[in-house]
Amino acid sequence: MNSARACTAAGCSHILLFIPRRKVSGHGMLKTFHIRTYGCQMNERDSEALGCLLEEHGYTLAPGEETADILIFNTCSVRDQAERKVFGKVGLTKRLRRQRPEVIIGVIGCMAQEHGAALLERFAHLDFVVGTDQLHTVPGIVAEIARERSRRVATETGADDTEALSGHRPGAVSAFVSVMRGCNQFCSYCVVPQVRGRERSRLPEDVVREVRQLAGQGTKEIFLLGQNITAYGIAEARRDGTYSPDASPFADLLRAVNDVPGVERIRFTSPHPKFMNQAFLDAVCELPKVCKAFHIPLQSGADRILELMHRGTTAKEYLARIRHLRERLPEVGFSTDIIVGFPTETDVEFAATRQAMNEAGFDMAYIFKYSPRPGTKAAEKLPDDVPQSVKEERNQILLADLVARAESANTRYQGRTVRVLVEGESKRNSTRWTGRSDTNKVCIFPRTDGMQPGDLVDVVITRTTANSLFGCVAEEA
Ligand code: SAH
Ligand code: SF4
Ligand code: F3S
């Protein structure tokens, strides 16, 4: 019989659904874990921090999922395909459970928040489901399952403990730092506000403390994360009565992070064009450590579609921001997100997207085929009436445009010297090393004596493709 009880994890007073399951032996000796991550950088960051929390509780990282005692799927609900991948993967772990009955298997993150207890019903071998605000309870839940052989669901909202989830893998050249959670934007197609809740920003001093610690351990690049990062601090300012449309708490945060000694580069994602006011534009142009590569989701180039999407900006306003940045910055790169086949999108509207993308001159773009998400306005109010074949065709057209543009745009780097933050060996060819330019171009070059990940080197570019720049480290004068 199901029952409810208070969570016994440290610092958590929430009620958890408790579902008994069959008896197995061996749970008491669980030692290793593996987290398989799907979805965006926020999920990658959550998995990293949860991994650190599990290590603090005495568990160690297993080399692979086959050998792990605790197997966790951190999941994404943003498109149907993302969910289907996880359903398939979790289904396959039934075999693992048969071979090793003591293994604990859990689903956490956005799908856990979206589907809750229904996941336990769908997968009889699944042990726990933990939503986006309850990740800090995972060590306690795992310990309880090991003790009581129970099945658990924890999806209460409003209880996330970001400060308990601030651990980092040591020694990384580049580190994600989450500055806020949730989203208040409610774009009509998007499930994120549903699964991640309302915007909650961390205090600037907490963010800066985390950045200082990372810089002290040798991290050179700080990648700030928030679903709607340009709205950082705005919900709080509104609540306190200090909100001003001319201010940008995110710009203030960028200035504070820029002042941290040891930090060489700052990147962030995702800004929303609606919140890119003058204070924000000034900060990104003025601050030397802010990389001049911006990922700014456009979604569509047609104003009627943008309005149906509830984006809050027109294509013209979007392009004006890009023009402003291009005029002020001698070298800058842009990337974006686009949705093709949004309900009622016509050929003419698709052509407007193509046109806007050409005008913006994106180096890179993620193109998505519209996928109706249950519970969103678009799914409830608009027909998914663009045939799959048309979505696919529009997708292919934009991808071909991008490759052609990137190929010709990258040739401008030939013969030039670019400053590269060294990441390590190239995956494809271990005799070469790889890193990124300030404008986020992947650069590949032969290693020189004494070169280490985290070094900043000047690379003379001799050859370019649509994806990468190739060259040699410049001789020191
Ligand atoms: N917070 C980020 C993006 C979050 S989701 C932002 O607003 O910039 C990443 C991308 O997935 C979105 O930018 C959008 O292009 C795409 N996306 C979101 N919901 C989608 C849906 N229902 N169908 C197809 N693509 C979607
Ligand atoms: Fe989704 Fe829009 Fe929020 Fe981005 S800004 S997470 S697309 S609702
Ligand atoms: Fe997916 Fe959740 Fe990120 S829905 S895109 S993993 S916030």
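A salt bridge is here a side-chain nitrogen of Lys or Arg within 4 Å of a carboxyl oxygen of Asp or Glu. In this predicted model, E210 and R45 satisfy that criterion, as their closest N and O atoms are 3.7 Å apart. The rule yields a count of 30 salt bridges.

A further pair under the criterion is R181 and D46, whose closest N and O atoms are 3.2 Å apart. This pair joins distant parts of the chain, since R181 belongs to strand β10 (residues 180-181) and D46 to helix α1, with their positions 135 residues apart in the numbering.

The domain assignment sets the frame for these pairs. The protein chain is divided into domain 1 (3-154), domain 2 (173-291), domain 3 (322-411) and domain 4 (417-476). The centres of domain 1 and domain 2, taken over C-alpha atoms, are separated by 29 Å. Contact between the two involves 15 residues of domain 1 and 14 residues of domain 2.

The size of an interface is often expressed as the accessible area lost when the parts come together. For domain 1 and domain 2, the buried area is about 1300 Å², and carbon and sulfur atoms give 53% of that area. On the side of domain 1, the residues that lose the most area to domain 2 are Q41, M42 and R45, which together account for 41% of what that side buries.

Polar interactions also cross this boundary. Between domain 1 and domain 2 there are 4 salt bridges, and the rule for polar contacts finds 7 residue pairs, both residues being at pLDDT 80 or more. Helices α1 (41-56) and α3 (110-115) each supply at least two residues of the side of domain 1 that touches domain 2. Helix α1 gives the most to that side, with 6 residues. By class, the side of domain 1 that touches domain 2 consists of 5 nonpolar, 5 polar and 5 charged residues.

The ligands may be taken next. Ligand 3 is surrounded by G39, C40, N43, C76, S77, V78, C110, R196 and Q227. The shell of ligand 3 has 4 nonpolar, 4 polar and 1 charged residues. Around ligand 2 are C183, Q185, F186, C187, Y189, C190, V192, P193, Q227, H272 and R311. The shell of ligand 2 has 7 nonpolar, 3 polar and 1 charged residues. Q227 is listed around ligand 3 and also around ligand 2.

Ligand 1 has 14 residues around it, of which Q227, P297, Q299, D337 and S371 come nearest. An N or O atom in the side chain of D337 is 2.6 Å from an oxygen atom of ligand 1. For Q299, the corresponding distance from a side-chain N or O atom to an oxygen atom of ligand 1 is 2.7 Å. A polar side-chain atom of S270 lies 3.3 Å from an oxygen atom of ligand 1.

What backbone features accompany two of these residues? The peptide bond from T269 to S270 is cis, with omega near -5°, and S270 is found in the loop between β13 (265-269) and α10 (278-286). Q299 has a phi near 75°, a positive value in a residue other than glycine. Q299 is found in the loop between β14 (293-295) and α11 (303-308).

Notes
Residues numbered from 1 in each chain as written. Chains lettered and ligands numbered in written order. Predicted model: local features only at pLDDT ≥ 70, side-chain atom pairs only at ≥ 80, totals over all residues. Heavy atoms only, no water. Domains from an automatic or database assignment. Contact = heavy atoms within 4.5 Å. Buried area = accessible area lost by both parts, 1.4 Å probe. Polar contact = N/O pair within 3.5 Å; in protein donor to acceptor, adjacent residues only side chain to side chain. Helix = DSSP H or I, 4+ residues; strand = E, 2+ residues; numbered from the N terminus. Nonpolar A, V, L, I, M, F, W, Y, C, P; charged D, E, K, R; others polar. Near = heavy atom within 4 Å.
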